[in-house]
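Visitor: I should like a close look at a single part of this structure, namely its metal sites. Please describe them in detail and then place them in the wider architecture.

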Amino acid sequence: MPADPTPASEQHPLLDVLTARGARADRLTHVRTFPAREGVTADWPTWADPGVVDGYRALGVARPWAHQVEAADAAWAGRHVALATSTGSGKSLAFWLPALTAVRGPAPATVLYLSPTKALAADQLVGLERLVRAMPDGAPRPRVATCDGDTPTDERRWVTEHADVVLTNPDFLHFSMLPGHRRWARLLRGLRYVVVDEGHAYRGVFGAHVSLVLRRLARLAAHYRPSDRLAPAGTTASAGPVFVVASATTAEPAVSTARLAGVPLDDVVAVTADSSPAGRRTFALWQPPEVAGFERSRASGEAPTHEDDPWALPDPLDPTHTEQEADAVLTPRGAAAHPRRSATAETADLLADLTASGARTLAFTRSRRGAESVAQQARDHLRPVATDLGARVASYRGGYLPEERRALEEALRTGELRGLATTNALELGVDISGLDAVLVAGWPGTRVSLWQQAGRAGRAGAEGLVAFVAREDPLDTYLVTHPEAVFDAALEATVFDPSNPHVLAPQLCAAAQEVPLRAEDLSAFGDPDAVREVLDVLVARGALRRRPSGWYWTHAQPASGMADLRGSGGRPVRVVEATTGRLLGTVDAGSADGQVHDGAVYVHQGATFVVDHLDLEDHVALVVRKDVEHGTWSREVMEIAIDDEGHRPVEGRDWGPVRWGLGPVEVTSQVVSFQRRRLPDMQVLGTEPLDLPSRTLATTAVWWSVPEFVLRAAGVSPDEAPGALHAAEHASIGLLPLLATCDRWDLGGVSTELHPDTGEATVFVYDAYPGGAGFAERGYALGARWLAATRDAIVACSCADGCPACVQSPKCGSDNAPLDKAAAVRLLDAVLSHAPEAATA
Ligand SMILES: [Zn+2]
Ligand SMILES: [Zn+2]
């Protein structure tokens with residue numbers, strides 16, 4: 001991103017509000033200004049349907065932006081398109097123009113639009129209907145409709161029989177449309193365009209599943225397609241549907257699109273040059289001040305609940321997680337250890353000050369309760385200033401009804417509302433931009449997301465201010481002190497792995513149930529040999545039946561039920577109040593043992609509950625309301641074994657005596673006991689054993705191992721080694737999201753001073769999903785950059801012995817002990833000294 005030096009006189013006026021006229025200037029770690037960009041328009045393409053063009057003109061689009069035409073032209077010519085431009089750059093015109101032109105053309109053509117959430121499809125429908133209504137009378141108007149799990153049966157019938165454009169989500173495709181393809185034969189037969197919106201949301205396990213769902217879709221479209229349909233004149237593309245993948249600005253969009261849609265890279269045109277106009281934007285990096293221990297929460301009147309602190313779970317609203325309401329709450333582990341003010345409290349202050357100054361501001365938070373909490377605290381700050389000001393701040397999150405959301409969006413546009421605290425529900429799709437300021441409380445996970453959020457600030461002819469407020473964790477701390485990692489590093493690529501056998505197996509079963517799989521189909525699902533290997537396993541297990549003509553699903557139940565598209569790792573555990581039967585929330589299957597075991601303290605909306613019984617068979621934890629003065633901390637034992645006899649080979653590479661590996665592993669874990677500790681002084685009140693089963697996860701890990709002489713040469717004594725390795729492991733998990741599109745909650749780690757499989761001291765970092773998700777692979781590919789950033793993050797932290805901002809981890813199964821910050825730096829220095837020079841550049 002280009003930046004220009006800004007003379008002080010031209011500083012953004014809101015910077016003064018942010019720093020309280022200099023009183024808070026020490027919290028500003030960096031300011032960068034991005035110049036305005038002029039818009040470049042182009043002529044409407046000559047092939048475009050005049051009615052569609054008139055519709056756009058009636059809505060005020062006199063001429064399209066050049067990038068819209070470039071993408072539309074490519075799609076019209078039958079090329080697959082990867083359209084990766086910024087928020088508010090008008091991506092939808094680029095795909096609706098060719099799609100609706102095809103629908104209104106002489107040959108029957110249909111269009112499928114996919115978005116990661118239902119809400120987004122609903123929003124897109126509103127815009128599309130507006131366009132269709134604006135078209136002049138004459139030719140029949142395109143019939144557009146959403147269809148998802150909530151659509152009533154009779155409406156669904158109308159959609160299958162009549163709709164030209166169907167807006168839905170991949171889950172509906174997987175569970176309903178593809179298994180019931182006979183009902184959708186009309187749509188599949190005419191399928192000309194498949195639009196995949198917010199393509200960057202399809203990452204990790206979810207991305208792998210969706211890529212295979214899209215391959216199933218293409219196979220069925222071919223199955224129904226009349227054999228005489230030819231490719232559009234003058235193109236080499238196949239006669240199958242054209243994929244248009246629209247995404248945020250990411251790295252390698254063509255590669256991700258080819259992988260997601262299962263099409264050859266050569267057939268994909270990437271459109272990345274954004275020709276829409278943008279105002280000048282000032283970007284501030286901000287670190288909340290240090291405060292003494294627990295006082296922080298008391299001082300600002302906030303409850304020490306999880307969304308204030310780095311232990312927060314990722315927002316369940318994240319489209320890559322789930323679109324359902326979930327309200328998981330962590331025991332406030334280690335809450336007493338914070339030396340800095342929380343990002344939530346800090347952001348609430350900044351939002352209040354910006355609102356009071358008249359600026360229209362959006363504050364992004366990492367969780368739903370974070371959004372509520374920022375809005376509430378900002379209102380509390382504002383009420384004494386002026387009674388009506390408090391009413392001009394609201395919160396916004398998923399789970400609101402479409403009408404409510406649109407009312408809030410409208411209120412913010414008109415200025416009736418000035419401040420809105422929101423989760424990333426607003427990051428996708430929604431039509432709000434041109435605000436005066438955007439606050440980002442806590443690293444949103446990727447630079448891609450950061451720019452999506454930042455893109456809401458500023459508009460042509462007006463300046464925008466963006467401030468990223470660091471939470472106290474290694475990644476946030478690293479980023480506010482390393483502006484080059486925020487602004488100058490390449491954007492992340494969208495990472496997922498369609499060849500993951502744990503994803504491929506259920507998807508092949510689903511495909512076989514739709515239409516039996518033939519040998520010639522296999523290449524559509526990946527490397528045919530690898531696919532055949534997975535099929536052999538499925539046949540051996542009795543899941544599929546092999547006949548001379550192909551592979552068949554012969555069971556009564558739907559095969560789609562085998563796949564957990566969003567990779568949530570099984571049914572979540574419901575947390576239910578025993579006396580009333582009230583559902584308080586849910587906890588991920590994977591973390592239930594550690595969080596809602598018998599006797600665990602569960603915090604919900606500031607109230608404490610104690611788990612009476614965790615029923616693993618019924619996936620329910622019964623809790624009782626009880627005021628307690630303690631929290632609970634579970635202890636987990638964990639083992640990791642390298643699986644070098646599996647289907648995937650183990651890869652290796654040497655840096656002199658340091659050995660790197662990447663490959664399949666088996667992680668066995670068991671929650672064995674828990675401690676009660678008094679709050680807030682954390683004094684241990686007692687330890688109790690737990691009788692919970694051990695769990696096994698087969699996944700992919702990256703690891704590095706170090707012979708003893710390297711440790712000794714680095715000045716790491718045998719006593720220090722476990723703490724050094726453990727600290728390096730934690731910090732490296734915190735920093736891997738810098739290089740891969742993941743969150744630290746997508747990863748796990750194990751460190752040991754002697755691992756039986758490597759024979760040396762080893763640190764493992766693994767994907768926390770069955771089969772892996774592609775994150776460990778990135779760590780392996782970029783090992784030197786990864787460990788160098790890890791080392792820098794630890795060194796840069798001003799704490800004495802390790803804190804949540806460097807080497808402590810919110811999900812450590814051994815209670816953050818032992819950890820040795822200083823020895824970890826010596827260890828990492830030694831490891832990096834063996835790195836080949838080219839790798840660290
Ligand atoms: Zn620290
Ligand atoms: Zn740990």
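**The zinc sites and their setting**

Guide: In this predicted model, the zinc ion (ligand 2) takes its protein donors from H726 (NE2), H730 (NE2) and C812 (SG), which lie 2.0 to 2.3 Å from the metal. Along the sequence these donor residues follow the spacing H-x3-H-x81-C. H730 belongs to helix α22 (residues 721-735), whereas C812 sits in the loop between α24 (783-796) and α25 (821-833), so the pair ties together parts that are 82 residues apart in sequence. Both H730 and C812 are buried. Since water is not among the atoms, a site may look incomplete.

The other site, that of the zinc ion (ligand 1), is built from cysteine sulfur: C797 (SG), C799 (SG), C803 (SG) and C806 (SG) coordinate the metal at 2.2 to 2.4 Å. The spacing of these donor residues in sequence is C-x1-C-x3-C-x2-C. The geometry is tetrahedral, with angles of 98 to 118 degrees among the four donor atoms. For reference, the ideal angle for four tetrahedral donors is 109.5 degrees. Of the donor residues, C803 and C806 are buried.

The wider architecture comprises 26 helices and 28 strands. Of the 841 residues in the protein, 59% are buried. Among contacts between residues at least 6 apart in sequence, 74% join residues at least 24 apart.

One element of this architecture is an open sheet of seven strands, ordered β4-β5-β3-β6-β7-β2-β8, in which the pairing is parallel. Its edges are β4 (144-146) and β8 (268-271); each has a single partner strand, so one side of each is left without a neighbour in the sheet. From one strand to the next, the twist averages 15 degrees. At the β4 edge, three bridges join β4 to strand β5 (residues 165-168), and the two run parallel. Within this pairing, T146 stands opposite L167 in β5.

Helices lie across this sheet. Helix α5 (residues 118-134) lies across β3 (110-114), β4 and β5, and runs at about 165 degrees to β4. Helix α9 (residues 204-224) lies across β3, β6 (191-196) and β7 (242-247), running at about 170 degrees to β6. Strand β3 is thus covered in both descriptions, by α5 and by α9.

A further open sheet has five strands in the order β18-β17-β21-β20-β19, and its pairing is mixed. Here β18 (583-587) and β19 (601-604) stand at the edges with a single partner strand each, so one side of each has no neighbour in the sheet. The twist in this sheet averages 35 degrees from one strand to the next. Edge strand β19 is joined by four bridges to strand β20 (residues 607-615), and these strands run antiparallel. V601 has V610 in β20 as its bridge partner.

Finally, there is a helix pair to consider. The axes of helix α2 (residues 50-58) and helix α4 (residues 91-103) come within 9 Å and cross at roughly 145 degrees. At their contact, V52, V53 and Y56 in α2 meet S92, L93, W96, L97, L100 and T101 in α4. By class, this contact has seven nonpolar, two polar and no charged residues.

Note on methods: Residues are numbered from 1 along each chain as its sequence is written. Chains are lettered from A and ligands numbered from 1 in the order in which they are written. This is a predicted model: local features need pLDDT of at least 70, side-chain atom pairs count only at pLDDT 80 or more; totals for chains, interfaces and linings use all residues. Side-chain values use heavy atoms; hydrogens and water are left out. Donors are N, O and S atoms within 2.8 Å of the metal (3.2 Å for Na, K and Ca); water is not among the atoms, so sites may look incomplete. Buried means under 20% relative accessible area, exposed over 50%, partly exposed in between (1.4 Å probe, protein chains only). Four donors count as tetrahedral if all angles lie between 85 and 135 degrees; four count as square planar and six as octahedral if opposite donors are over 155 degrees apart and all others between 65 and 115; anything else is irregular. Two strands pair if DSSP finds at least two bridges between them. Axes are lines fitted to C-alpha atoms, for helices over the stretch in contact, and angles run from 0 to 180 degrees between N-to-C directions. Contact means heavy atoms within 4.5 Å. Ala, Val, Leu, Ile, Met, Phe, Trp, Tyr, Cys and Pro count as nonpolar, Asp, Glu, Lys and Arg as charged, and the others, Gly among them, as polar.
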